[in-house]
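Biologist: I would like a close look at one part of this protein. Please keep it brisk, and walk me through the pockets and what surrounds them.

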Amino acid sequence: LAEAVDDRLALWAADCGFDDEEIAKMRKAGFGRLVMLGHPDCDDPDQLLIGAQLNAAWWAADDYYADDSALGAVPELLPPRLLLAMTAMDEPPPAGEFTPPLDQAIADERVLVALRSATTYRARRATPAQVQRVCYSTFAMFVSWTAYAAWRHTNQYPPAWKYLAARQHDSFYTSMTLIDVIGRYELTSNLFYDPRVRHAAFQAGTVSVLANDLFSVAKDLEDAQPPCNMVLQIAADRKCSIDEAREITINLHNDLVRDFKGRHEELLPVSSPELQRFMRGLRSWMGGSFEWHNTNPRYKRGAKQP
């Protein structure tokens with residue numbers, strides 16, 4: 001199933017303008033496996049392609065615009081690039097003679113083409129509310145990216161608490177907003193944004209992103225100018241070893257998992273089949289994401305398991 005998704009993803013990436021080497025790297029990343037593991041209630045590769053396309057497009061934007069200077073990421077250029085990324089995902093109405101140059105700028109940039117194409121594909125299989133939900137969670141994520149860029153550019157890295165505040169809006173929560181879309185149902189907006197549900201979803205996203213930080217420690221330490229990472233921020237704050245900071249992060253990860261479990265149990269009496277399915281979907285995404293990180297070559301040099 002993962003291979004079937006990746007086959008479709010490779011064809012899509014070629015249509016977006018990525019070259020053969022980039023497509024090979026995309027295959028190696030295993031986005032098909034990520035969405036297969038994260039959405040066990042779906043065995044339709046065309047439906048899973050919604051998540052594969054968006055996750056691949058988000059990762060491409062992160063690598064090419066925010067994270068990897070070897071791929072052209074420049075901190076000073078990140079905000080205007082993200083402005084166009086937002087426009088690619090949430091197209092504004094025509095504005096006369098000023099619209100064609102905007103459309104051309106998007107068409108000339110493969111990352112922007114990927115974001116627009118993935119959003120269009122999702123829109124054919126989702127309600128307008130679901131489409132906008134994903135857009136706005138993405139735009140909140142982009143705000144955190146600009147903070148990271150400023151920290152790296154000024155070499156003034158944040159304390160762990162400030163980094164975590166940014167990370168909670170830049171987490172796998174964005175990917176998790178697709179749970180009901182891929183599952184072919186809709187959690188109503190009033191339930192999706194209910195503070196109890198939103199906090200549980202934020203915790204699930206943060207749990208997964210802390211695992212990402214843990215698995216990324218060794219890779220990040222090899223960077224001459226390391227990106228922000230919860231383990232590294234704790235080590236800097238407390239003047240402790242990486243191993244000690246790792247243990248603190250693991251304990252935080254596990255505390256959040258237990259807290260999520262408690263929130264899930266509190267919501268069990270709510271008589272909404274869609275909510276109960278969505279909550280199970282959050283749990284599945286945490287487990288699937290952990291398995292994906294734990295078996296992905298990109299993170300093989302990472303940390304001890306939380």
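Biologist: Which element gives the largest share of the lining of the largest pocket, and how many residues does that share hold?

Modeller: The element is α4, and its share is 10 residues. Before the details, note that this is a predicted model. The chain averages a pLDDT of 93. At least 70 is reached by 97% of the residues. One stretch is weaker: over residues 302-306, pLDDT stays under 50. For that stretch the model has 16 contacts beyond four places in sequence. Read those contacts with the low score in mind.

Now the largest pocket itself. The space in the largest pocket comes to about 1,400 Å³. Its lining counts 48 residues. Nearest the centre of the pocket lie Trp 59, Asp 62, Asp 63, Asp 67 and Arg 298. Helix α4 spans 45-67 and is one of the elements that give two or more residues to this lining. The others are α2 (20-29), α8 (128-154), α9 (160-167), α10 (173-176) and α13 (195-221). By class, the lining divides into 23 nonpolar, 18 charged and 7 polar residues.

Helix α4 has a second role to note here. The largest nonpolar core holds 97 residues, and α4 supplies the largest share of this core, with 13 residues. Trp 12, Phe 18, Leu 115 and Leu 282 have the most contacts inside the core. Take Leu 282. Leaving out residues up to four places away in sequence, Leu 282 touches Met 176, Ile 179, Ala 200, Ala 201, Ala 204 and Phe 260. Keep Phe 260 in mind for the next pocket.

The second largest pocket has about 230 Å³ of space. It is lined by 14 residues. Those nearest its centre are Val 257, Phe 260, Arg 283, Met 286 and Gly 287. So Phe 260, a contact of Leu 282, is also among the residues nearest the centre of this pocket. Two or more lining residues come from each of α13, α15 (242-267) and α16 (273-295). Helix α15 gives the most, with 6 residues. The classes here are 6 nonpolar, 5 polar and 3 charged. Helix α13 appears in the lists for both pockets: the largest and the second largest.

Look next at Val 207, which lies in helix α13. Its relative accessibility is 4%, under the 20% limit, so Val 207 counts as buried. Beyond its neighbours up to four places away in sequence, Val 207 touches His 253, Leu 256, Val 257 and Met 286. Two of these contacts, Val 257 and Met 286, are listed among the residues nearest the centre of the second largest pocket. For a sense of distance, Val 207 and Leu 1 are 206 residues apart along the chain, and their C-alpha atoms are separated by 26 Å.

The loops come next. His 169 sits in the loop between α9 and α10. Both of those helices give two or more residues to the lining of the largest pocket. His 169 has a relative accessible area of 38%, which makes it partly exposed. Setting aside neighbours within four places in sequence, its contacts are Ala 140, Met 141, Ser 144 and Phe 202. From His 169 to Ala 61 the C-alpha distance is 16 Å, across 108 residues of sequence.

Val 270 belongs to the loop between α15 and α16. Those two helices both contribute to the lining of the second largest pocket. At 23% relative accessibility, Val 270 is partly exposed. Its contacts, apart from neighbours within four places in sequence, are Arg 196, Leu 275 and Gln 276.

Two further loop residues deserve a check of the backbone. Most residues other than glycine have a negative phi. Arg 184 has a positive phi, near 65 degrees. It lies in the loop between α11 (179-182) and α12 (189-192). With 54% relative accessibility, Arg 184 counts as exposed. Lys 239 also has a positive phi, about 55 degrees, and is not a glycine. Its place is the loop between α14 (230-238) and α15. At 71% relative accessibility, Lys 239 is exposed too.

Note on methods:
Residues are numbered from 1 along each chain as its sequence is written. This is a predicted model: local features need pLDDT of at least 70, side-chain atom pairs count only at pLDDT 80 or more; totals for chains, interfaces and linings use all residues. Side-chain values use heavy atoms; hydrogens and water are left out. On a 1 Å grid over the protein atoms alone, a cavity is a set of points where a 1.4 Å probe fits but cannot get out, and a pocket is an open set with protein on both sides within 12 Å along at least five of seven lines; lining residues have an atom within 4 Å of a point. Grid points are joined across faces, edges and corners, and a volume is the space filled by probe spheres set on the points. Helices (H or I, at least four residues) and strands (E, at least two) are DSSP runs, numbered from the N terminus. Ala, Val, Leu, Ile, Met, Phe, Trp, Tyr, Cys and Pro count as nonpolar, Asp, Glu, Lys and Arg as charged, and the others, Gly among them, as polar. pLDDT is the predictor's confidence in each residue, from 0 to 100. Contact means heavy atoms within 4.5 Å. A nonpolar core is a set of buried Ala, Val, Leu, Ile, Met, Phe, Trp, Tyr and Cys residues joined through side-chain atoms within 4.5 Å. Buried means under 20% relative accessible area, exposed over 50%, partly exposed in between (1.4 Å probe, protein chains only).
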